[in-house]
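Reader: I'm in my first year and still learning to read structures. Could you take one part of this one and look at it closely, namely the places where charged side chains pair up? Please also show me how that part fits into the rest.

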Amino acid sequence: MVGYALAAPFSISLAQIALGIAFLGLVREWWRGRAVGREEAVADRPAWVDRLRRLPFWPAYACLTLAGILSLPFAIDQARAWGEMTKFLIILVFLVGYAAPLTRGQRRVVLGTLIGSGAVAALITVTDQFTRMEAKNRAQGFFSLPLTFGECQMLLLVVAVAWWAFGGATPRGRRRLLAAIGCLSLGVAASFTRGVFIGLGIGLVTMFRSRWRTALAAAAATVLLMGAGVMMTHHLASRAAVLSLAGDQPDGLCNIRLRIWSVGLDILAAAPVFGVGMNNVKPHYQARATPVEHAQSWVYGHLHNSFLQYLAMTGLCGYLAFVWFCLEVGCFARRLPKRFADSEAAGWAKAALPVWVAFLGSGLTEYAYGDEEVAMLAFFLLGFLAAPALEEGEAVEVVVDRSGDRDRQAGALVPEG
């Protein structure tokens, strides 16, 4: 878990390896519980197995997966379609964060490492941007795109703000969090990405929705970050349309986003029920692109909108399942703070809904849901913030059975109902 926290802002490969090792550990724990025999397995299986079964969004996620499968026969490029289906395994990242049997102290280490690592990545990136002003337009960190860097910084910033505001940090910890918030804010501004600003603004307003003055201050802070992005971004003439919803592009084309979305709706009209297949937008886009768009390489494989992307890929069936899943996860995240007896865990849980809303908000102008690095971080944070911590000093109870010694978890949730 600490390995993922260190690697997430720097390397997708190392982050995936760390999550894979953590997942194998959970599988091993589950298997050892099953090894005691059928009658004893129910009593001795890890506590997270039962908690996982009670999650409310499984039916919606199953329907979303089924919609993806139903779209496959309509795909032109079957290899791309089947490859895209593997992205439904992203739910395993949620499982890793949700099921990790960590104490409160261990959870602080993991979350603090993740925020600190993101802050360091932002500081390095912004410093590099200013030392090579002629070479870079927008900061992209250690990722291939400024969008990916900005969205990861956005999600970590939301969590850091929640911890500072609600997590009961010590005075020294609050000072550290303020320093991290400053670095992450610079990272968000330097990415200068429209979807990131939209997601951050919606996320912060959601976090402070019961305090309208603070919500207004959060919205104003987001606008100031946008202004900082203008000052930190070079070659502004070429980036003037980044925050614009109107205006002309070269060769008489209208705003690129509006053009992409109009093509997406036209693609949907050709296959409204089951869509054109997972990750099969590009062949249809190529058939509708103008000669100018072909010449400028303005032919896209996704529609720069998570909702419209699923609408085109899986049709109305998949779109309804996608919206259902988003709502179910949102309701689950909204109820989380009330389920924790511990004030620190409840404070962290207040970041869950803002993280989810910010993630979906950035998807209004980008295909955030299909960006693996960002989706992994969002699902990991949701699971991690929703997981109960083990009691200090009572983290492990040794049970001797035919399979040997094994660990058992102790729940820390307030009973529902």
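Author: What follows starts with the whole chain, goes on to the charged pairs, and ends with a few other spots.

First, a caution: the model is predicted. The chain has 417 residues, and buried ones make up 54% of them. Its secondary structure comes to 19 helices and two strands. Now take the contacts between residues with a separation of 6 or more. Of these, 75% join residues 24 or more positions apart. The accessible surface comes to about 18,300 Å². Carbon and sulfur atoms hold 64% of that surface.

Now the pairs. Side chains of opposite charge can pair when their charged atoms come close. How many salt bridges does the count give? It comes to six. Three of them are worth a closer look.

Start with D342 and R104. Their side chains meet in a salt bridge, at 3.4 Å from N to O. Where do the two partners sit? D342 is in the loop between α16 and α17 (343–349), while R104 is in helix α8 (residues 104–131), so this bridge ties together parts that are 238 residues apart in sequence. Is R104 buried or exposed? R104 is buried, because its relative accessible area is 15% and buried means under 20%.

Next come R108 and E344. These side chains also form a salt bridge, with 2.8 Å from N to O. R108 belongs to helix α8 and E344 to helix α17, so the pair links parts that are 236 residues apart in sequence. The two partners differ in cover. E344 has 11% relative accessibility and counts as buried. R108, at 35%, is partly exposed.

Put the two bridges side by side. R104 lies in helix α8, and R108 lies in helix α8 as well. Their partners are D342, in the loop between α16 and α17, and E344, in helix α17.

The third pair is E293 with R259. The closest N and O atoms of this salt bridge are 2.8 Å apart. E293 lies in helix α15 (residues 291–295) and R259 in helix α13, so here the tied parts are 34 residues apart in sequence. E293 is buried, and so is R259.

Some charges gather without a partner. R209, R334, R335 and K338 form a positive patch on the surface. Residues with a salt bridge are left out of such patches. One member, R335, lies in helix α16 (residues 306–335). R335 has a relative accessibility of 37%, so it counts as partly exposed.

There is a nonpolar patch too. V2, L6 and V109 make it up, with about 240 Å² of accessible area together. L6 has its place in helix α1 (residues 2–7). At a relative accessible area of 48%, L6 is partly exposed.

Now look at two buried side chains. L52 lies in helix α4 (residues 47–53). Its relative accessible area is 15%, so L52 is buried. What does L52 touch, leaving out residues up to four places away in sequence? It touches W58, L95 and Y98. L52 and L95 are 43 residues apart in sequence, yet their C-alpha atoms are 7.9 Å apart in space. The second one is S185, in helix α10. S185 is buried, with a relative accessible area of 16%. Setting aside neighbours within four places in sequence, S185 is in contact with L157 and L225.

Last, the backbone. Most residues other than glycine have a negative phi. F192 is not a glycine, yet it has a positive phi of about 45°. F192 sits in the loop between α10 (171–191) and α11 (194–207). With 3% relative accessibility, F192 counts as buried. N279 is not a glycine either, and its phi is positive too, at about 55°. N279 has its place in the loop between α13 (256–270) and α14 (281–288). N279 is buried, because its relative accessible area of 19% is under the 20% cut-off.

To find your way back, begin at helix α8. R104 and D342 form one bridge there, and R108 and E344 form another.

Terms used:
Residues are numbered from 1 along each chain as its sequence is written. This is a predicted model: local features need pLDDT of at least 70, side-chain atom pairs count only at pLDDT 80 or more; totals for chains, interfaces and linings use all residues. Side-chain values use heavy atoms; hydrogens and water are left out. Patches are made of residues with over 30% relative accessible area and no salt bridge: like charges are joined within 9 Å, nonpolar side chains (Val, Leu, Ile, Met, Phe, Trp, Tyr) within 5 Å. Accessible areas come from the Shrake-Rupley method with a 1.4 Å probe; for residues, only the protein chains shown count as cover. A salt bridge is a side-chain nitrogen of Lys or Arg within 4 Å of a carboxyl oxygen of Asp or Glu. Lys and Arg count as positive and Asp and Glu as negative; His and the chain ends are not counted. The place of a charge is taken as NZ of Lys, CZ of Arg, CG of Asp or CD of Glu. Helices (H or I, at least four residues) and strands (E, at least two) are DSSP runs, numbered from the N terminus. Buried means under 20% relative accessible area, exposed over 50%, partly exposed in between (1.4 Å probe, protein chains only). Contact means heavy atoms within 4.5 Å.
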